[in-house]
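Please open the structure in your viewer and keep the selection panel at hand. The tour goes from one selection to the next and says at each stop what is to be found there.

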Amino acid sequence: MNYLSVENISKSFGELVLFENLSFGINEGQKIGFVAKNGTGKTSILKILAGEDAPDTGNVIYRKNIVVTYLAQEPNLNKNLTVEETIFDSENEILKVIERYESALKNPMDTESYQTAFDAMEAHQAWDFETLYKQILSKLKLEDLNQKVSTLSGGQKKRLALTNALLSKPDLLILDEPTNHLDLEMIEWLEEFFAKENITLFMVTHDRYFLERVCNEIVELEDGKLYSYKGNYSYYLEKKEARIESEMAETGKAKQLFKKELDWMRRQPKARTTKSKSRIQDFQEIKEKAGKRRSNHQIELEINMERLGSKIVEFHNVSKSFDNFQILNKFNYNFLKGERIGVIGKNGTGKSTFLNLLTGNLQPDSGKIITGETIQFGYYTQAGIKIKQGQKVIDVIREFGDYIPLKKGRQISAQQLLERFLFDRKKQYDYVEKLSGGERKRLYLCTVLIQNPNFLILDEPTNDLDIVTLNVLESFLLDFPGCLLVVSHDRYFMDKIVDHLFIFRGNAVIDDFPGNYSDFRTYESSIETEKREQKSEPTEKKSWKKDSNSKKLSFNEQKEFNNLDQQIKKLEVQRDELQKKFAEADWSVDEINQKSEELQEIINKIEVKTERWFELSLKSEE
């Protein structure tokens, strides 16, 4: 069923032509990821689809009575309302259904109106609306329902707007960078939500794992043309590589980039066995693999930075608190040459504070931080670049340096670095105030890199960067020979760049894990599964009658509980085998669609059975 058709739309701002004569359609059940460089009009296209803007030429034709919801990057909320009032102030059809039902209750004699209102409540599943919105707000860490919108941070406002978008249950949901301002736990929850919900999506996101796990089609705008790939992100990489090879044989470097990404996707860490003794072996395997991961990378840029001495940075019993919230408690760590550390954790656990302590922008409450004499920090913060009126792009970067020295006397000039980060010679002489948000982020990155630091610190560098720029940044960082510390919610980026992790748990608990993000999730999953197995194993033999009385499980429930663990394991094996085939098999588009449905069905069964397992487990403990 076709939801909307886009026919020959164009959009310009003065002499700048964003796009012209674009045509495509969105059908029921599609989950489309829209990919394009920054500055090519992605947000403008989303606004046109949502009806918030109009194209200069062309039309958007909607199916009759279709409900479309748009989540903007910067939502417009009433600052005078509370969080809960904002939910009830939205144009949500379910709220209107509830209102009509409550009105019908006041007139019990009008049986026809009551029956109509009752049927509408059933059709919209409106009975549990309050429970649903409180659950979503809790998942998105908005638990104070009486907090005023005016006091929320930018990230909290985005999450509140996301809640409203999910609650509206539209036919078509249009999303502009939905994972920005979400921590990893929230992102993974949102992936599961979209996997379970029968909803049509059209979204722009730089989160490639999100594209991989949520989308069943990728649409790319490149050089003014649209290309559609009916599969997830891995499928898109493979088919784009084939298209580039057939169309442009001379673009060897581009092909090599996509082959690197494709090879990496095929080398994803697979789920391991979860028995206790093998988990220790898994840990050792992860540690060894972490040390070897970058040896596969072929260095293209041999950067000749200032030599790192024997002393990098040392933390000795460092403690830091704000009011009653403790960030570090007698934290000890010695950074070594060439370390590549990723920092992950929920929002508010102190990740940015840790970076500011490391760079000397904050002082510890107690303990010492000793920095080696040869260390030159390059610190990319979330604050971004400060714009000076009338300054051109090339002038901004030359304030910080003219070139990056390479080995054998070669160098990358400021102009060449800008070109590498997608600023062509013409763009380099544009005024900075004309740049888009993503372009300013790119320019800020260049100002940090041109200073040739030997200890690079990046705080959420992937926010607002398009996928093309992310590929460039990843390639540069893989060539970077110094120490690297990265805070990011971008799991794909972290998997490619870092060798081990600092996991901020909160309350000054920081775990050091020797592996990347996928390694960490695999290891965590093995621990969770082991706990589940241990919990399900009876400590003593009991009759089913004694069991049912003491654990409050009926005979059938006890039997179901005992069987669930094996059923879940079998489904997990089926899931992993099918995922492996996606990377290896040469399937047609129809076969991919069929196998995707099979995979989703298996995942849904795992979720249902796991939820039932926990339900029976809790009941047995009562």
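A cavity, as the word is used here, is a set of points on a 1 Å grid over the protein atoms alone where a 1.4 Å probe fits but cannot get out. The model on your screen is a predicted one, and a search of the whole structure for such spaces finds two cavities of 30 Å³ or more.

**Stop 1: the largest cavity**

Begin with the largest cavity, whose volume is about 60 Å³. To display its lining, select Phe34, Val35, Ala36, Asn38, Lys42, Glu177, Val204, Thr205, His206, Leu465, Asp466 and Ile467. Strand β3, which covers residues 31-36, gives the largest share of this lining, namely three residues. If you colour the lining of the largest cavity by class, you should find six nonpolar, three polar and three charged residues.

**Stop 2: the sheet of β2, β1 and β4**

Next select residues 2-13, which are strand β1, together with β2 (16-27) and β4 (57-62). These three strands form an open sheet in the order β2-β1-β4, and their pairing is antiparallel. The edge strands, β2 and β4, each pair on one side only, and neighbouring strands of this sheet are turned against each other by 10° on average, direction ignored. Between β1 and β2, which run antiparallel, there are eight bridges; as one pair to display, take lysine 11 and its bridge partner in β2, phenylalanine 19. Now add residues 42-50, which make up helix α1: this helix lies across β1, β2 and β4, and runs at about 50° to β2.

**Stop 3: the pair of helices α5 and α6**

Two packed helices are described by the angle between their axes and the distance between the axes. Select helix α5 (residues 129-139) and helix α6 (residues 154-167), which pack at an angle of about 145° with their axes 10 Å apart. The crossing in which α5 passes α6 is right-handed. With side chains shown, look for Phe129, Leu132, Tyr133, Ile136 and Leu137 in α5, which meet Leu160, Thr163, Leu166 and Leu167 in α6. Sorted by class, this contact of α5 with α6 has eight nonpolar residues and one polar residue, and no charged residues.

**Stop 4: the sheet of β11, β10 and β13**

For the last stop, select strand β10 (residues 313-322) and strand β11 (residues 325-334), and then add β13 (366-371). Here you have an open sheet of three strands in the order β11-β10-β13, with antiparallel pairing. Its edge strands are β11 and β13, each of which pairs on one side only, and the twist from one strand to the next averages 20°.

How many bridges join β10 to β11? There are six, and the two strands run antiparallel. Among the pairs to display are glutamate 314 with its partner in β11, asparagine 334, and phenylalanine 322 with its partner in β11, phenylalanine 325. The hairpin of β10 and β11 has two residues between the strands, and in this hairpin aspartate 323 takes a positive phi near 55°. Finally, add residues 351-358, which are helix α12: this helix lies across β10, β11 and β13, and runs at about 130° to β10.

Note on methods: Residues numbered from 1 in each chain as written. Predicted model: local features only at pLDDT ≥ 70, side-chain atom pairs only at ≥ 80, totals over all residues. Heavy atoms only, no water. Pairing = 2+ DSSP bridges. Helix = DSSP H or I, 4+ residues; strand = E, 2+ residues; numbered from the N terminus. Axes fitted to C-alpha atoms, helices over the stretch in contact; angles between N-to-C directions. Contact = heavy atoms within 4.5 Å. Left-handed = near helix turned anticlockwise from the far one by under 90°. Nonpolar A, V, L, I, M, F, W, Y, C, P; charged D, E, K, R; others polar. 1 Å grid on protein atoms, 1.4 Å probe; cavity = no way out; pocket = protein on both sides within 12 Å on 5 of 7 lines; lining within 4 Å. Points joined across faces, edges and corners; volume = space filled by probe spheres on them.
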